[in-house]
Amino acid sequence: MTTLAILTAAGSGSRLGRDLPKALVELDGFPLVLHAARRLAASGVVDSIVVTAPDGLVAVMADLMADDPHVHVPVQVTDGGPTRQASVSAGLALAGPDDDVVLVHDAARPLVPPDLVRRVVGAVRAGHGAVVPGLPVTDTVKQVRPDGDAELVTGTPDRSMLRAVQTPQGFARDLLVRAHRTGAARAQAEHLAATDDAGLVEVLGEPVHIVPGDAAAFKITTERDLWLASLVLQETNA
Ligand code: CTP
Ligand code: MG
């Protein structure tokens, strides 16, 4: 049986505000999506990759992957959808018959350590249907509701029980398919927040497990994150 990684790269990167989609923005001379694909391939536990591309950029992404010797696993590229969830669904539709484990990874997390990829796949192969990397939260987090021109604090969750989650998230393929069909429909009908794939599994009432995340898998959202990523790369290449 084989492991497929869906690499979501179809977003526009509006918060980064460049004139090209975030996944194609360069870090150390290479697009973010290529860094991410290299690290997925380097894990040794990913058998193939499906990349979701922004409008009109399927061929550009496909050439990028085909020309890179470090991405030494088969890569398919497909059009993404209007939302991240739609992009993941589009990627999932290309899973092959032998793909029994599916990872979902964001191109916006280009520096994911291969070791983290192995940890997630290992936990799924060990029998957990849904596995998410998570880190302890260092900030105190407040729950709020709107209150006039400000917000009213309604509670302070116990920080020791909170985790900031990352990607890759790993799933038994059948469970992820069910989450994207039934879970997504239910989340929409009941106005439940499910901002990641694991959230859709939670809507089904199925267990989701956390494995330790890694600070290096941080997400690039703003220019500051990009600058931080280049510092991290300089440090590791030194
Ligand atoms: N993504 C996707 N399809 C979409 C939206 C997002 O494949 N319709 C991907 C992005 O390319 C990214 C990941 O999902 O790798 C996480 O999304 P995010 O960090 O929000 O990226 P963007 O949506 O591109 O950025 P922004 O929200 O600032 O526009
Ligand atoms: Mg977005």
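Which residues does proline 54 touch, not counting those up to four places away in sequence? That is a good way into this structure, and the points below start there.

1. **Proline 54.** Please keep in mind that this is a predicted model. Proline 54 sits in the loop that runs between strand E4 (48-53) and helix H2 (58-66). The residues it touches, leaving out those up to four places away in sequence, are Ala9, Ala10, Gly11, Pro21, Met61 and Asp79. Proline 54 has 8% relative accessibility, and since buried means under 20%, it counts as buried. You can also look at serine 12: its C-alpha atom is 7.2 Å from that of proline 54, although 42 residues separate the two along the chain.

2. **Threonine 52.** Step back along the chain to threonine 52, which belongs to strand E4. Its relative accessible area is 0%, so threonine 52 is buried. A polar atom of its side chain lies 3.0 Å from the backbone nitrogen of alanine 9. Apart from neighbours within four places in sequence, threonine 52 is in contact with Ile6, Leu7, Thr8, Ala9, Ala10, Thr78, Gly80, Ser87 and Gly91.

3. **Ligand 1.** Alanine 9 appears here too: one of its backbone N or O atoms lies 3.5 Å from an oxygen atom of ligand 1. Serine 12 offers a polar backbone atom 3.2 Å from an oxygen atom of the ligand. With threonine 83, the pair is a polar backbone atom and a nitrogen atom of ligand 1, 3.3 Å apart. There are 19 residues around ligand 1, and those that come nearest are Thr8, Gly13, Ser14, Arg15 and Ser87.

4. **The largest pocket.** Its volume is about 840 Å³. The lining is made up of 35 residues, with Arg15, Arg84, Asp106, Thr195 and Lys219 the closest to the centre. Helix H3 (84-92), strand E10 (163-165) and helix H6 (197-203) are the elements that give two or more residues to this lining. Sorted by class, the lining holds 12 nonpolar, 14 polar and nine charged residues.

5. **Helix H1.** How many of the 11 residues of helix H1 (residues 32-42) are buried? Nine are, and the helix is mostly covered. The buried residues are Leu32, Val33, Leu34, His35, Ala36, Ala37, Arg38, Leu40 and Ala41. Just after H1 comes glycine 44, with a positive phi of about 80 degrees.

6. **Histidine 105.** This residue is part of strand E6 (residues 99-106). Histidine 105 counts as buried because its relative accessibility is 0%. A polar atom of its side chain is 2.9 Å from the backbone oxygen of arginine 109. Setting aside neighbours within four places in sequence, histidine 105 is in contact with Ile6, Leu7, Thr8, Ala36, Leu40, Val112, Thr167 and Pro168. Among these, Ala36 and Leu40 are buried residues of H1.

7. **Alanine 95.** Is alanine 95 buried or exposed? With a relative accessible area of 14%, it is buried, as the cut-off for buried is under 20%. Alanine 95 lies in the loop between H3 and E6. Not counting residues up to four places away in sequence, it touches Leu4 and Arg173. The C-alpha atoms of alanine 95 and arginine 119 are separated by 21 Å, with the two residues 24 apart along the chain.

Terms used. Residues numbered from 1 in each chain as written. Chains lettered and ligands numbered in written order. Predicted model: local features only at pLDDT ≥ 70, side-chain atom pairs only at ≥ 80, totals over all residues. Heavy atoms only, no water. Helix = DSSP H or I, 4+ residues; strand = E, 2+ residues; numbered from the N terminus. Buried < 20%, exposed > 50% of the residue type's maximum accessible area, 1.4 Å probe, protein only. Contact = heavy atoms within 4.5 Å. 1 Å grid on protein atoms, 1.4 Å probe; cavity = no way out; pocket = protein on both sides within 12 Å on 5 of 7 lines; lining within 4 Å. Points joined across faces, edges and corners; volume = space filled by probe spheres on them. Nonpolar A, V, L, I, M, F, W, Y, C, P; charged D, E, K, R; others polar. Near = heavy atom within 4 Å. Polar contact = N/O pair within 3.5 Å; in protein donor to acceptor, adjacent residues only side chain to side chain.
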